[in-house]
Number of protein chains: 2
Amino acid sequence: MKDFFTVTPLKQVFEYIAAFPVVAAETISINQATGRILAQDIRSDEDVPGFSRSTMDGYAVYAASTFGASEGNPAYLTLDGAIPMGKNPSACVVPGKAIRISTGGMLPKGADSVVMLEYATEIDENTLEVYKSVAPGGNVITKGEDIQKDQSLLSAGLMLRPQEIGLLAALGREQVNVYKKPVVGIISTGDEIVPIQNIPGPAQVRDINSYSISSQIVQAGGIPLSFGIIKDNYDALIETYKQALQKTDMLILSGGSSVGTRDLTIEVLKSLNDSKILVHGIPISPGKPTILARAGNKPVWGLPGHVTSAMVVFNRVVQPFIKHMTGTDIARKNHIQRIPAKISRNIASAQGRTDFIRVRLQESDDGLWAEPVLGKSGLINTMIQADGLIEIDMNTEGLDKGTDVSVIPL
Amino acid sequence: MKDFFTVTPLKQVFEYIAAFPVVAAETISINQATGRILAQDIRSDEDVPGFSRSTMDGYAVYAASTFGASEGNPAYLTLDGAIPMGKNPSACVVPGKAIRISTGGMLPKGADSVVMLEYATEIDENTLEVYKSVAPGGNVITKGEDIQKDQSLLSAGLMLRPQEIGLLAALGREQVNVYKKPVVGIISTGDEIVPIQNIPGPAQVRDINSYSISSQIVQAGGIPLSFGIIKDNYDALIETYKQALQKTDMLILSGGSSVGTRDLTIEVLKSLNDSKILVHGIPISPGKPTILARAGNKPVWGLPGHVTSAMVVFNRVVQPFIKHMTGTDIARKNHIQRIPAKISRNIASAQGRTDFIRVRLQESDDGLWAEPVLGKSGLINTMIQADGLIEIDMNTEGLDKGTDVSVIPL
């Protein structure tokens, strides 16, 4: 257990995040921008709407003309035509007059409010009976009420949702500046690893990690680029690393779990140009043998070979680095994407180590329960059964059944 | 308020979901399948792993040879070489013998467990001192322990996460059968609507809805296809509808909010081949004027023109139809994607109507608070400020400050 003294606590690992650069920005169509990270601040050039509009079907009026109107004592107004949609109305309202207007129609001059259709009856072609008074501004969206000219609306780092796409459309912005998706390379290593197309011979296993990690990269907002399986051979590895570093923003090494593969990984990482091993072991379970190096200004990861360990480390450790590189403003309300539940049984945990426990969520009459998924971290099936992870921090010895936990969705 | 009698309650609207067909399936590479919906059941053809493997670096032994070993009374075993990675080990273990093995190495014949590196010392080339006994099966994943041959693993309707992609890789499935993404057409109508590239004239507004709804379609797992802005003209509309219905699995009409546009929408929907208006008005706020029709076996929606109303109706009403068409097994734990909070102030709500209230989430010392975002449903800025929606059902008159609510993330 001596190497526990040289491991880097998770908190300290995260301090390296800011050392790596955010990727460049690009300009794309707003039609392609859902889920992308905004790389510019958005300010309005104009008022939205550009004119006062009715929010109801009814009659544009001068509000005071309706004051005191009731079912027993209606107001009678002179009805004078209708507002056309999409055209500047030439008619204008004076006290005692009403003009038909549709939802979204432009309020004519002199009108300050709209009487709802339901509260009026057209007695004849020229006479409107109004049963209910309307206040000035009633049933109207005024010019600039949604967005004011020069208003600061969105700031860089925001992930664009449908409503932000709609806002950009409202402002007439067909194009938007977003951060590129970082390209994340994956190199699989290990003499026991074979391509998934192969039927594994004795002692061989398929290259699961290249696929599960590629999928995690997509989910994290990156573009995966796989460099295939490289045998445990120094020359072959160093050549592939160099090529991969030229084509990617981050590199992930994964696959083999043998001592030989791990030692070779370290040797190769050390011999890259302008490289430094920053982290060699993290006190987390699963995932202790995780390596983080810097090659130039690019992060290079050595992930554990066990499939579940690699996935958990990606989710809890690598992903925040990718999010940073995508330009995401991490401070922004990410903490709320957790599911509160109660743990369904006692869980032991070693002090001095952060444990990530796979859990399955079970709905019951007394709320949501997080049930630990048991099984070794080499078993992918434990991840299939899991709905999420709970984190037991290094200063906690364990959890009693019924303790409130926050589940990180998987 | 007379049309309140003809509206269709939300629950009844959802009963139409099953009437519409799920889209066809297609076979794609697992590299492209993250987030897609599985269209086949997955069963294993083989055991994974295909052989018993070590989960630790250490020594393959016959467990009984270590029984009783302790720091004070170590066991001494004959050390005989190392297991190569990725090759069938020719050596075999007999009682009293140990062979070096790496994590992931194949357990040799005769061995039933692995002594961890930390609990043994190589005294000389041929002698291993063991300080701690290991149980049979200790530090080993046995053949088929992860996945057994013929085991049923995944079922159609599941959304593929990174772990399911990894599982498919483990089984050697490079291709997977998933449901196609339904193509959802959008037709914008209304004489007041102009393309977003234009500077709106007086009484005109930009076509926000085509963009915000396209983005919502992407989020829901569909492919948006925009048919542009059609003026309020029967012949032009019917022609566009017919073309659009041939190219899409679902059609959404949106944009204009005037009586004229709405009446024309109804007229056109009625005159389509084999069409029927199923729903004309839903007792929800915002979103009461929503229309659902069937044209052949395709759903056709008339959404309210107000941008926020259209987005809320899409999220709460249209989206479940799209999810169904994508083949998603809706019963599967979707209910847990809600954020629990307390409402920050009293909220009034009319009985007989389901209200969807936009809320902003605020973290404070005493937990998470949902703060209603005030503002008319024509204002897109209210959606920008919102983190989610809360639903107040038709039998509730309102909520008191401090009431527990479930926030649907936006």
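Modeller: Copies are superposed by least squares on the C-alpha atoms of residues with pLDDT of at least 70 in both. This is a predicted model, in which local features need pLDDT of at least 70, side-chain atom pairs count only at pLDDT 80 or more, and totals for chains, interfaces and linings use all residues. Residues are numbered from 1 along each chain as its sequence is written, while chains are lettered from A and ligands numbered from 1 in the order in which they are written.

Biologist: What makes the relation of chain A to chain B that of a two-fold axis?

Modeller: A turn of 180 degrees with a shift of 0.0 Å along the axis lays chain A on chain B with an RMSD of 0.1 Å. That is the relation of a two-fold axis.

Biologist: Why is helix α2 (residues 162–170) of chain A called mostly covered?

Modeller: A residue is buried if 20 or more other C-beta atoms, placed from the backbone, lie within 10 Å of its own. In this helix, a DSSP run of H or I with at least four residues, 9 of 9 residues are buried.

Biologist: Why are α2(A) and α3(B) called roughly antiparallel?

Modeller: Angles run from 0 to 180 degrees between N-to-C directions, and axes are lines fitted to C-alpha atoms, for helices over the stretch in contact. Angles over 145 degrees count as roughly antiparallel. The two axes come within 8 Å and cross at roughly 155 degrees; α2(A) and α3(B) are therefore roughly antiparallel.

Biologist: Which residues make that contact?

Modeller: Contact requires C-beta atoms, placed from the backbone, within 7 Å. Among the residues making it are A:Pro162 and A:Ile165 of α2(A) and B:Tyr211 and B:Ser215 of α3(B).

Methods: A residue is buried if 20 or more other C-beta atoms lie within 10 Å of its own, exposed if 12 or fewer, and partly exposed in between; C-beta atoms are placed from the backbone. Helices (H or I, at least four residues) and strands (E, at least two) are DSSP runs, numbered from the N terminus. Angles under 35 degrees count as roughly parallel, over 145 as roughly antiparallel, 65 to 115 as roughly perpendicular and the rest as oblique. Two residues are in contact if their C-beta atoms, placed from the backbone, lie within 7 Å.
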